[in-house]
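Here are my notes after a look through this model. They are in numbered points, so you can follow along with the structure open.

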Amino acid sequence: MILEKLSILNYKNIAEATLELSPKINCLIGQNGVGKTNVLDAVYFLSFCRSASNPIDSQLIRHGQEFFMLEGQYSPQLLISCGLKRGQKKHFKRNKKEYRRLSEHIGLIPLVMVSPADTQLIEGGSEERRKLMDVVIMQKDREYLEALNRYNKALQQRNTLLKQEEEPDPELMEVWEEQMAGAGEIIFARRQQLVEAMKPLFQQFYERISGGREQVSLNYVSHCQRGPLLDIIRNDRWKDRAVGYSLHGIHRDDLEMLIDSHPMRREGSQGQLKTFVIALKLAQFHLLKSLSPGEQQPSAAVPILLLDDIFDKLDSSRVEQIVELVTADDFGQIFITDTNRDHLDQILSASSHDYKIFHVEDRDIFTIKE
């Protein structure tokens, strides 16, 4: 999938911008805080119907304005647009026809984003690591997204019953537990398959970037590994009743992240954490590329790759390896932001592909004529 033209109006701090894009490498240069990341976030929004950094859509509207609009012209022959007015719901359209459900759009434009915030995958709570798994699987598997929605609805309803002062209706409790277990088993199976496929790819990328200086690993941890999920949920219902929420289920799944057999969160340096995250995201990219949604043609299955300020805190040898990786023919369209023109010159000199450079300054975007 190639984004040929991006139009932005009143999105975050960007008043108005129209970018005619390269099918291969697009570089955005500028100081911190001028809006480089917001351009990438607009591209992300057009794939996922939401921002990568802010779940509240109304807060994405530029200060002092009443609406924002985004439009992406993709090849082949695909126009995606989104508009939001304050106090109203957002309207998301494909070739000028509005979606009935936003979930119908997820996976149409596969995308992987690497950003400084990704260190939360290691340093943050387990919710961040579940999101990593979910964002990969839901782009290629609509049944998974539907199961995730069913599970979350059943979990919410069960938690509501658990919080009641009076003893909850046991038949109603069983209904929600059965729905949780049915959807949860589907989610568990898909997550397990993902981690098994992602782990060797991730380890190969980490070894390449680090020069083999450390050994890393991923382990999937889930209550479903103990036995049938329905039995596990029912057996501890009395504990859940005592605390007022569900202690067991796939909403507690986690990814154990290790370096040299020790927790990465505790032992990893800043450079190692960043290398770990980049290797994870590159593995995610290659899985999405090889496992395209059924609706897509094989030629459209290559995800868009967004690289936001990824070179900070990395030594020169790791930067060199990343540059060699992302300029290879395996990758499709790439967006890169940086404050350092030297990094981008290094990437462009290592590549024979077409590219464009955009200079972002004072919250306006200008094309640099080479």
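1. Let's start with Phe-188, which sits in helix H5, residues 170-210. Bear in mind throughout that this is a predicted model. Is Phe-188 buried or exposed? Its relative accessible area is 11%, and buried means under 20%, so Phe-188 counts as buried. Leaving aside residues up to four places away in sequence, Phe-188 touches Tyr-220, Ser-222, Cys-224, Gln-225 and Ile-250. For a sense of scale, pick Gly-64 as well: Phe-188 and Gly-64 are 124 residues apart along the chain, and their C-alpha atoms are separated by 45 Å.

2. One of those contacts of Phe-188 is Tyr-220, so on to the strands in that stretch of the chain. There is an open sheet of 3 strands here, ordered E9-E10-E11, with antiparallel pairing. Why is one side of E9 and of E11 left without a neighbour in the sheet? Strand E9 (216-221) and strand E11 (262-263) stand at the edges and have a single partner strand each, so each has one side with no neighbour in the sheet. E9 and strand E10 (residues 254-259) run antiparallel and are joined by 6 bridges. If you want a pair to click on, Ser-217 stands opposite Leu-258 in E10.

3. The other open sheet worth a look has 6 strands, in the order E2-E1-E4-E5-E6-E7, and its pairing is antiparallel. Its edges are strand E2 (14-20) and E7; each has a single partner strand, so one side of each lacks a neighbour in the sheet. Between strand E1 (residues 2-11) and E2, which run antiparallel, there are 6 bridges. Lys-5 is a handy marker, standing opposite Glu-20 in E2.

4. Now for strand E13, residues 334-338. How many of its residues are buried? The count is 5 of its 5, so E13 is mostly covered by the under 20% cut-off. Ile-334, Ile-336 and Asp-338 point one way from E13, while Phe-335 and Thr-337 point the other way, and all are buried. E13 pairs in the parallel sense with strand E3 (residues 25-29) over 5 bridges, and also in the parallel sense with strand E12 (residues 304-308) over 4 bridges. Phe-335 is a good place to see both pairings: Asn-26 stands opposite Phe-335, and so does Leu-306.

5. His-105 is in the loop between strand E7 (97-98) and E8. Although it is in a loop, His-105 has 0% relative accessibility and therefore counts as buried. Which side chain makes a polar contact with that of His-105? That would be Tyr-99, at 2.8 Å. Not counting residues up to four places away in sequence, His-105 touches Leu-46, Ser-47, Cys-49, Ile-80, Phe-92 and Tyr-99.

6. Ser-47, one of the residues His-105 touches, belongs to helix H1. With 1% relative accessibility, Ser-47 also counts as buried. Its contacts, again without residues up to four places away in sequence, are His-105, Ile-106, Ile-109 and Leu-111.

7. Next, the largest pocket, at about 1,100 Å³. Its lining takes in 40 residues, and those nearest its centre are Tyr-44, Arg-50, Glu-128, Lys-131 and Leu-132. By class, the lining splits into 17 nonpolar, 11 polar and 12 charged residues. Which element gives the most to this lining? Helix H3 does, with 7 residues. Elements that supply at least two residues each include helix H1 (36-48), strand E8 (111-114), helix H3 (126-137) and helix H9 (270-290).

8. Last, the enclosed space. How many cavities of 30 Å³ or more turn up in a search of the whole structure? The search finds 1, and about 50 Å³ of space lies in the largest cavity. Its lining consists of Val-114, Ser-115, Pro-116, Asp-118, Thr-119, Lys-274, Val-277 and Ile-278. H9 gives the most to this lining, with 3 residues. By class, the lining residues are 4 nonpolar, 2 polar and 2 charged.

Definitions and conventions
Residues are numbered from 1 along each chain as its sequence is written. This is a predicted model: local features need pLDDT of at least 70, side-chain atom pairs count only at pLDDT 80 or more; totals for chains, interfaces and linings use all residues. Side-chain values use heavy atoms; hydrogens and water are left out. On a 1 Å grid over the protein atoms alone, a cavity is a set of points where a 1.4 Å probe fits but cannot get out, and a pocket is an open set with protein on both sides within 12 Å along at least five of seven lines; lining residues have an atom within 4 Å of a point. Grid points are joined across faces, edges and corners, and a volume is the space filled by probe spheres set on the points. Ala, Val, Leu, Ile, Met, Phe, Trp, Tyr, Cys and Pro count as nonpolar, Asp, Glu, Lys and Arg as charged, and the others, Gly among them, as polar. Buried means under 20% relative accessible area, exposed over 50%, partly exposed in between (1.4 Å probe, protein chains only). A polar contact is a pair of N or O atoms within 3.5 Å; within protein, one must be able to donate a hydrogen and the other to accept it, and residues adjacent in sequence count only if both atoms are side-chain atoms. Contact means heavy atoms within 4.5 Å. Two strands pair if DSSP finds at least two bridges between them.
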